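Student: Could we go through this model together? I have some short questions about it.

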Amino acid sequence: MTSRTRDPKGSQCLRSYSWLVPEPSVAAPDLAACAARRSRLSARLGDAALLLSAGEPPTRSGDTRYRFRPDSNFYYLAGAAEPGGVLLLRPGRAPASALFLPVQDERDVLYHGRRPSADEAREQLGVDAVFPIAQLELELPRLLDGIDEVYLPFSTCPVIERAAFAAIERLRAGDRRGEVAPTCLRDARALLAEDRLVKDAAAMTALRRAVDISAAGHVAAMRATRPGRLELEIEALLEHEFRRRGASGPGYETIVAAGINANTLHYTAARGALAAGDLLLVDAGAEWELFTGDITRTFPIGGRFTPAQRDAYEIALAANEAGIAATVVGSSLDAIHEACLRVLCDGLRTLGLVQAGVDEAIEEELYKPYYPHKTSHWLGADVHDVGRYTVQGRAQPLRAGFVLTVEPGLYFPVTEEVPAELRGVGIRIEDDVLVTAGAPEVLSAGAPKRVAELEALVGQG
Ligand SMILES: [Mn+2]
């Protein structure tokens, strides 16, 4: 059932996005895509080997753990979501790919359920060999013998580091038997980052789904917003909508910030109540197949912007649109930021908060009290996704297949210079944008952002 059919009033603006809202289903890894990624990476590895780890669920408190979420790089290549696994790629050798997985005892099966056996894992995941993880230190010397260069994630995975250094020592000691130890360790994260920055077809399928569900969550939050509700309630409703549609949950901590709370950029406490006359800022994204959306919308709790709020909102919205227009091949995150700044500085002048012209306001950073953050980050399996921001001393030029956020805002401190109606108001409008060979594609268009659309939706659920 879509939002539109659930809404007997069927307001006009709903029609424009309801087709985007995905039907509920459960995510499953695209194992063919993982295999294709492994062969793509293998071609780049040449004679080198690569080690990655799924990781372990972190401790929550005492002997309880957080829900497990595999390492993005590991899952990107292996498609396996069980904790404790290690992936080895060594192209051109046999086996060319190997997974080390925990072996379950009866007690583990009783508490956590049965996981795929070694044979099932090898068959399902399409790797050449599966070993028990307990044999990692035993097998690794043999598997790295004669390989000079090994990629592993620096300083984030003690299991792999320990095993790799132990293997190197074993092979060095075996010199007289003809064994040859690796001499060069490289950071696997940099290699994976380059690959993940340009989204492949499977990554885009997952990311589109994540962003569509994120948009559906924002619409649900807008409809549920009314004076007297709690920030916590809106957060729960939004995340309910994510999970109801098959998302694993939010891809990062949800921000629901009413009124002045929006001036705290990463406000996640959700301890406030929604008051008529205030704005509500919601920054939230759903995770689907480990890819996450990242959308921010700001709307009036009582359903109507005040004239001063609307003026400020329209400035932020114009900046958002200018930033999106600059999201083209050859542009850069710096250029997008600059495009937003020009609109924001011009707007701050019309509000009487900045006296200087746009160039001087940018040069002197006169916007900083009202816009203290940057405009964009890469988006993908990590909300602040991997990929270099600077290449050879300059902002990385955008290429088709990059996905990034455009998230300008305006935040008004409680000071004398700020008109009384705007004191404590915080606005941010964030979209997820795909760089294409042509016009930028706004993946998050399913979340309404025009004043009329917001005013028609808020409180209607
Ligand atoms: Mn963001």
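Student: To begin, where is glutamate 365 placed?

Tutor: Glutamate 365 is in the loop between H14 and E15. Helices (H or I, at least four residues) and strands (E, at least two) are DSSP runs, numbered from the N terminus. Before going further, please note that this is a predicted model, in which local features need pLDDT of at least 70 and side-chain atom pairs count only at pLDDT 80 or more, while totals for chains, interfaces and linings use all residues. Residues are numbered from 1 along each chain as its sequence is written, and side-chain values use heavy atoms, with hydrogens and water left out.

Student: What is phi of glutamate 365 near?

Tutor: Its phi is near 55°, a positive value in a residue other than glycine. Glutamate 365 counts as partly exposed, at 40% relative accessibility. On this scale buried means under 20% relative accessible area, exposed over 50%, and partly exposed in between, with a 1.4 Å probe and protein chains only.

Student: And serine 155, what is its phi?

Tutor: Serine 155 has a positive phi of about 60°, although it is not a glycine. Its place is in the loop between strand E7 (149–152) and helix H8 (158–173).

Student: Is serine 155 buried or exposed?

Tutor: Serine 155 is exposed, with a relative accessible area of 62%.

Student: Let us turn to the metal. Which residues are the protein donors of the manganese ion?

Tutor: They are Asp294 (OD), His377 (NE2), Glu407 (OE) and Glu430 (OE), at 2.0 to 2.4 Å from the ion. Donors are N, O and S atoms within 2.8 Å of the metal (3.2 Å for Na, K and Ca); water is not among the atoms, so sites may look incomplete.

Student: What spacing do the donors follow along the chain?

Tutor: The spacing is D-x82-H-x29-E-x22-E. Aspartate 294 lies in the loop between strand E13 (291–292) and strand E14 (295–300), and histidine 377 in the loop between helix H14 (358–363) and strand E15 (390–391), so this pair ties together parts that are 83 residues apart in sequence.

Student: Are aspartate 294 and histidine 377 buried or exposed?

Tutor: Both aspartate 294 and histidine 377 are buried.

Student: Now the aromatics. How many aromatic pairs are there in the whole structure?

Tutor: A search of the whole structure finds five. Rings of Phe, Tyr and Trp (its six-membered ring) pair if their centres lie within 6.5 Å; planes under 30 degrees apart count as stacked, over 60 as edge-to-face and the rest as tilted. One of the pairs is phenylalanine 305 with tyrosine 313, which is tilted, at 4.9 Å centre to centre and 45° between the planes. Phenylalanine 305 and tyrosine 313 are both buried.

Student: Why is the pair of tryptophan 378 and tyrosine 389 stacked?

Tutor: The ring centres of tryptophan 378 and tyrosine 389 are 5.2 Å apart and their planes are at 20°, so the pair is stacked. Tryptophan 378 is buried, with a relative accessible area of 0%, whereas tyrosine 389 is partly exposed at 33%. Ring pairs also link Trp378, Tyr389 and Phe402 into a cluster.

Student: Which charged end sits over the ring of tryptophan 288?

Tutor: That of arginine 209, 4.5 Å from the ring centre. The criterion is NZ of Lys or CZ of Arg within 6 Å of the ring centre and within 35 degrees of the ring normal.

Student: A different topic: which residues is proline 29 in contact with?

Tutor: Leaving aside neighbours within four places in sequence, proline 29 is in contact with Tyr75, Gly79 and Glu289. Contact means heavy atoms within 4.5 Å. The C-alpha atoms of proline 29 and glycine 79 are separated by 5.6 Å, although the two residues are 50 residues apart along the chain. Proline 29 itself is in the loop between helix H2 (12–15) and helix H3 (31–45), and at 32% relative accessibility it counts as partly exposed.

Student: Finally, which residues does a cis peptide bond join?

Tutor: The cis peptide bond joins alanine 94 and proline 95, with omega about -5°. Proline 95 is found in the loop between strand E4 (86–89) and strand E5 (97–101).
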